[in-house]
Amino acid sequence: MHVSTGPLLWLFVLMQTSLAIGPTAHAAIGKKKVLTVGYLTAIKGELKDRQGLAVSGAVTMALNEINSNPDILPNVTLALRWNDTRGDTVQATRALTEMLCDGVSALFGPEGPCHVEAIVAQARNIPMISYKCSDYKASLVPTFARTEPPDTQVTKSVISLLRYYNWHKFSVIHEHAWENVAQSLEEQAKTSNLTINHMIAVQDPHICCEK
C-alpha cells in the first residue's frame, strides 16, 4: 500500500543512516537494541494544509511493520517519541532539543518551518527527514533530507517557460507568504538576462477571515 510503503522506506533509510554515522544512545533489551525515532508533526495550530493526522497513522504503521519483520533491522526495535509542534518554530525547537538530550537516533519531520530545526539536528549529527517543509534553506544542511521540494524550485520552471516563448520582460505580483519564491525568481531572472518590470507584494484579502 502506498500509505505504508513511503514511510516504511523513509524510516528504514533513517535508521540505516543513524546506525552508520556513529554511536547513538539506545537501550538494550536482551540482545536487541531499542532505537528511538523522534517525530515532529503538526496536528493542531494555524499551519495551513496540515498533514499531521494522516502521516502520524502512516508512521505508526511503518514502525510496526519494521519491528515485526526480522529481516529489515535485525536485533533492533524501534520506538517512537513524538510532539505536536503546531507548525511553530519555537515549539518545534524546544521539543527537538529535549529529544536530542534524551538520545533519539533519528528525526522525522518537522512539518512547516524546518531550517532552524535542521541546523539544531546537524549540531548533534542526527539525520532528519521532513515530510512537509518547503523552506529552501534547509536543503543546505548536510544531515537534512526532504520528501517535498522547496517552493523556490518552481522558479526554474517559470524561467524556462518565459524563455521558451521569448518573453524577456514580465512583472511579479505575490503574497507576503511567497516572498522567498519571488526573490528566487528575481535572482533567476537576472541570471537569465530577463527583466522584471514590477515586483509587487499584496495582502491576502481573506486572511482576516481565517483568524
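**Exercise 1. In which loop is the place of Trp167, between which helix and which strand?**

Before the solution, note that the structure is a predicted model.

*Solution.* Step one is to look along the chain for the elements on either side of the residue: Trp167 has its place in the loop that runs between helix H5 (154-164) and strand E7 (169-175). Step two is to consider its accessibility, and here Trp167 is partly exposed, with a relative accessible area of 46%. Step three is to look at the company that Trp167 keeps, since Leu161, Tyr164, Tyr165 and Trp167 make up a nonpolar patch on the surface, which has about 510 Å² of accessible area together.

**Exercise 2. Describe the ring pair of Tyr164 and Tyr165, and say how accessible each of the two residues is.**

*Solution.* Begin with the geometry: the ring centres of Tyr164 and Tyr165 are 5.0 Å apart and the planes stand at 85 degrees, so the pair is edge-to-face. The limit for that class is an angle over 60 degrees between the planes. Then turn to accessibility, where Tyr164 is exposed, with a relative accessible area of 64%, while Tyr165 is partly exposed at 45%.

**Exercise 3. Find the aromatic pair that Tyr39 forms with Tyr131, and work out where in the chain its two residues lie.**

*Solution.* The count for the model comes to five aromatic pairs. One of them joins Tyr39 and Tyr131, whose rings are 6.3 Å apart from centre to centre with 40 degrees between the planes, and this pair is tilted. The pair links distant parts of the chain, given that Tyr39 belongs to strand E2 (residues 32-41), whereas Tyr131 is in the loop between strand E5 (128-130) and strand E6 (144-146), 92 residues apart. As for accessibility, Tyr39 is buried, with a relative accessible area of 2%, and Tyr131 is buried as well, with a value of 6%. As a last step, widen the view to include Phe108, which ring pairs link with Tyr39 and Tyr131 into a cluster.

**Exercise 4. Which residues touch the most other members of the largest nonpolar core, and which elements give two or more residues to it?**

*Solution.* The largest nonpolar core has 16 residues, and those that touch the most other members are Leu96, Leu100, Leu107, Ala118, Met128 and Phe144. Two elements give two or more residues to this core, namely helix H3 (89-101) and helix H4 (115-123). H3 gives the most, with four residues. To follow one member through the structure, take Leu96: with neighbours within four places in sequence set aside, Leu96 is in contact with Leu40, Leu107, Glu117, Val120, Ala121 and Met128. A second core, separate from this one, has 13 residues, including Val55, Val59, Leu73 and Leu78. As background, nonpolar side chains in soluble globular proteins tend to be buried together.

**Exercise 5. Is Thr93 buried or exposed, and which residues does Thr93 touch beyond those up to four places away in sequence?**

*Solution.* First locate the residue, for Thr93 lies in helix H3. Its relative accessible area is 19%, and since buried means under 20%, Thr93 counts as buried. The residues that Thr93 touches, when those up to four places away in sequence are not counted, are Val116, Glu117 and Val120.

**Exercise 6. Examine the backbone at Pro110, Asn166 and Asn193, and place each residue in its loop.**

*Solution.* It helps to recall that most residues other than glycine have a negative phi, and that most peptide bonds are trans. The peptide bond from Gly109 to Pro110 is cis, with omega near 0 degrees, and Pro110 has its place in the loop between strand E4 (106-108) and H4. Asn166, although not a glycine, has a positive phi of about 60 degrees; it is in the loop between H5 and E7, and at 55% relative accessibility Asn166 counts as exposed. Asn193 also has a positive phi, near 60 degrees, and is found in the loop between helix H6 (179-191) and strand E8 (195-202), where Asn193 is exposed, with a relative accessible area of 67%.

**Exercise 7. How many helices and strands does the protein chain have, and what percentage of its residues count as buried?**

*Solution.* The secondary structure of the protein chain comes to seven helices and eight strands. Of its 211 residues, 38% count as buried. The protein chain exposes about 12300 Å², of which carbon and sulfur atoms supply 56%.

Notes
Residues numbered from 1 in each chain as written. Predicted model: local features only at pLDDT ≥ 70, side-chain atom pairs only at ≥ 80, totals over all residues. Heavy atoms only, no water. Core = buried A, V, L, I, M, F, W, Y, C linked by side-chain atoms within 4.5 Å. Buried < 20%, exposed > 50% of the residue type's maximum accessible area, 1.4 Å probe, protein only. Contact = heavy atoms within 4.5 Å. Phe/Tyr/Trp six-rings, centres within 6.5 Å; stacked < 30°, edge-to-face > 60°. Patch = residues over 30% accessible without salt bridge, like charges linked within 9 Å, V, L, I, M, F, W, Y side chains within 5 Å. Areas by Shrake-Rupley, 256 points an atom, 1.4 Å probe, with all protein chains shown as cover. Salt bridge = Lys/Arg side-chain N within 4 Å of Asp/Glu carboxyl O.
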